[in-house]
Amino acid sequence: MYQHTRLTNNNFGFFQKFRNFDYILLICILLLGFISLATMYSTDGGKILFHTKSHFIKLMFFTMMMLFISFINIKFWFSIGYLSYIVVVSLLVWTYFFGITSSGSKRWMDLYFINLQPSELMKIFIILCLAKYFHRMKLENVNSVYTILTSLIIILLPMGLVIVQPDLGTSVLIAVSGIAVLWFAGINHKYFIYTMLGFVISLPFVIAFLKPYQKLRVLTFLNPDKDPLGAGYQIIQSKIAVGSGGIFGKGFLKGTQSYLEFLPEKHTDFIFTLFSEEFGFVGSVVLLVIYIIIIYRIIAIGANSRSYFAKLFCYGFGAAIFVFITINMSMVLGLLPIVGSPLPIMSYGGSSMLATMIGFGIVMSARVHSQQLIA
Amino acid sequence: MINSSSDNVKKLNSINRRMFITGSLKFFIMVGIVSRLFFLQVKENKKYLTLSDKNRIREWKLAPVRGEFHDYFGNVIAGNFEAYQLHVIPEQVENFKYVIYRLKDLLELSDSEFKKVLKKKKEIKPWETLIVSNNLSWDKFSKINNHLYDLNGVKPVISISRNYPFDENFTHIIGYVSQANEQDIENTELIKKNFVPGLKVGKIGLEKSFEEKLIGTNDIERYEVNAYGRRISQLEFQKGKKGQTLKLTVDTEIQKLANELLKDKAGSICVMDIFTGEVIAMHSSPSFDPNLFVFGISQDNWQIIRNDPMKPLLNKTLQGRYSPGSTLKPIVALSALENGIINTNFTVRCTGKTELYDQTYHCWKKEGHGYVSLRNAMKMSCDTYFYEIARKLGVDKLSETAKKFGLGKKVFDNLFEIEKDGLIPNTQWKKNALGKGWLLGETIITGIGQGYIQTTPIQLCLMTAQIANGGYKIYPKIVIDDKDKIKPSDYYTPLYKNSRNIKIIQDAMFGSTNEVMGTSYRSRIDDPKYQFAGKTGTAQVKKITERERELDLKTSEIPYEQRDHALYIAYGPYVNPRYALSIVVEHGGNGSTTAAPMAKKLFKLIIDRHEIRQSINEKKYLEI
């Protein structure tokens, strides 16, 4: 009876859904959007130019889209779990054959009004797919050989398609997203430990198979001063920018490293560097806190969800976002080799923002429909 | 249902446990990132701030303003002028080709000059300055200014540059400046520090010797630049210091007269204050215009100077090594007196020639002078007399006295790197240098200033000055410097054993100029205010053969390179002397006819200028 009333209560009206919104999460996302806009404005040299305009339009459009997604019942997202995965995989295949080549890799597909990077979408849809896969599975079946093999194939297939683009960074991030779901689904922790050991042991062999430019990145990471004007340039300039920011930063629009064009790729992967130079340690920590609140809210939403699918997706997505952030920051702070990985929402780039906003939308949908059971 | 719900509980337990593990892991990673941020932005902030400034701030040095040279009266003899230049920054020019051809027309550039400009343009970055013209005339400069409306990106610039208002008059004293080359930069630390493209540095003379005082310090412009090195904005302008202005002891009027007297001749004139050692004039002829070198001398002009048979590049006052000829006689006589070889009554009979050690030595006067005493021998410059006393004296004692009076040694130490020592021979020298024993015959000819002996005109001037002042040591100088206040310990110490001997020599020199039969009698001045005493000299360039002696040719009948050098040393006024001079005219023939008349003109001016010079001195003291 009790359940019944709850179920009837869940017969959501439009305003009910609005009331169920996680406003803290929403505010944090909007705040992040605002900060990213301001930073983009700074990369344009304090003028409203192409990047700022484009970023603003994308931000508006994708935020609306996120809100729209959150009104759609979580059941729907459960139901399209496999389908969306298959669609994105076919997009990757299509990209492999007909994609646009830019700076040596074939990552984009031309959709006339926007150049889409399907590999970015895969970061989210692999979570959706695996969450659906493990949703109904009994815990004792999770560690069966069949399950593990199937889930590995689900992960390795898009990874392979992205590696051949070639885009090592994104493929690693796809793998991380997938593995996060496997971890939460309860696959024996021994497997993770073994895999990790295996990876460390095989690392030298992997390096042997890397492309020369990838090898160079690893070597540069180990010793950036070896070639300060060549391969080490990015990381050295990035560290100078961050370090020179100091406690309170050089001030908005006063980041000399960026506006004098010493910073490479300041719109995309190195956007945090610019932010950190202008707003200093305090600003950087504030930005981190916003990210942490977002992740915390995502996990809280997962914890409060009744359905296992929603939990898995939220936890998985939370972990993935966390990894995206830490990898990007570690990279620009010189803790990891340079791999192409954008900072969610902050970095310029439509596909990444689209994927992240879809993720936020599904999480919000899970919140709005938190009492929804999925059979 | 129970099964499935218990399975659900298990699944929930599992996922929550794993979430907790993940959460803890995230916490540690976050701590890691924050501490990395802290390390970079707080702990290492200074280091990265410096690196960031190094990235963005670049200094541009501008050429420093060079110190000037003034003469004793404050006239500028090496100054600075505003050179009109034309600069173009290629990237600011919309249509470079159009502008450069337009400039070619307006400036009337020759094809080779035009090619040079185009070549320079290729060597520089598009935002760097291209100097189209170094030194434009006012006409062309104003013409350009009138056409600026269709010469976008062309900048008329006024730049400070070296200028020598007296053209060739002072070249051998102050030298000249020209573009610094690699050697200059390598050898002088200060040039390296101040170097900017187009910097001009002293190449020779005092311009070179005092480079470090003259050079000054750069103006520095600090600009913010972007990653490609383009200037974004000026941050600072730091005014440099002008180089030190150096005051010389020379008198422009006398220097100009020296130039005039030696016009079209090769030779040297120098004038010195016999008490202070101040050089009043120092000229080597022919000279050349140092202004030609400031913006780089053209090949044609350089060839003209280099190939001139009179050797304008040679500083004859300091570098020219001449046999002193008879101008050495005062020293020979003094040495003989000092060493007690002779006294004033010692007499020799001159028959025109004398046989010594199976050799015949001729006096310049074929008929001979008859019986001559020391005073008459000096007055008439009788060679036979000096053969005899040199023989008695010996070369070692003679060289000792000669050296004491400043011969055979650099007069200015290291002030002029080109200055030569000259040579005062003695027996030891010949053994060391030539590995042969000294011959007595060589002593004989050294007695009349021929043979191995070589002196520079400045040494002769110093020698004369030290005889004139009563035989006291002085240190010649040409730059008035604070260092001068500390006098060397032997400054003005006596060089004689008996001051009477100096008086005897002075008296003999007086006779030589002011008494009938004196060699320079015709150049005398009777007015005691200007009256001077001197000694002529004629230095043989080659040995005179018997045949030539018989022919007894006139100077004009001998080829130029074989004519004798004419020398003259003098000091004046005779009563209360103040100035000494030495004159050398290369291949001038005869000291008494060529060199001595110049001294007459010089002394007139020198003594007229004396009071003006003194008044400047007094004013200086009043100012203090």
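**Exercise 1.** What covers the buried residues of α15(B)?

*Solution.* The model is a predicted one, in which local features need pLDDT of at least 70, side-chain atom pairs count only at pLDDT 80 or more, and totals for chains, interfaces and linings use all residues. Residues are numbered from 1 along each chain as its sequence is written, while chains are lettered from A and ligands numbered from 1 in the order in which they are written.

Begin with the helix, a DSSP run of H or I with at least four residues, just as a strand is a run of E with at least two, both numbered from the N terminus. Helix α15 of chain B spans residues 329-338, and 10 of its 10 residues are buried, where buried requires 20 or more other C-beta atoms, placed from the backbone, within 10 Å of the residue's own. Among them are K329(B), P330(B) and E338(B). The cover includes α16 (374-380), α17 (383-393), α18 (395-404), α21 (457-468), α22 (499-514) and β18 (533-539) of chain B. Just after α15(B), G340(B) takes a positive phi of about 70°.

**Exercise 2.** Describe the side of chain B that touches chain A.

*Solution.* Taking contact as C-beta atoms, placed from the backbone, that lie within 7 Å, one finds 32 residues of chain B in contact with 35 residues of chain A. On the chain B side, α1 (2-43) and α2 (45-56) each supply at least two residues, and α1(B) gives the most, with 19 residues. By class, this side has 15 nonpolar residues (Ala, Val, Leu, Ile, Met, Phe, Trp, Tyr, Cys and Pro), 10 charged (Asp, Glu, Lys and Arg) and seven polar (the others, Gly among them).

Methods:
Contact = placed C-beta atoms within 7 Å. Buried ≥ 20, exposed ≤ 12 C-beta atoms within 10 Å, placed from the backbone.
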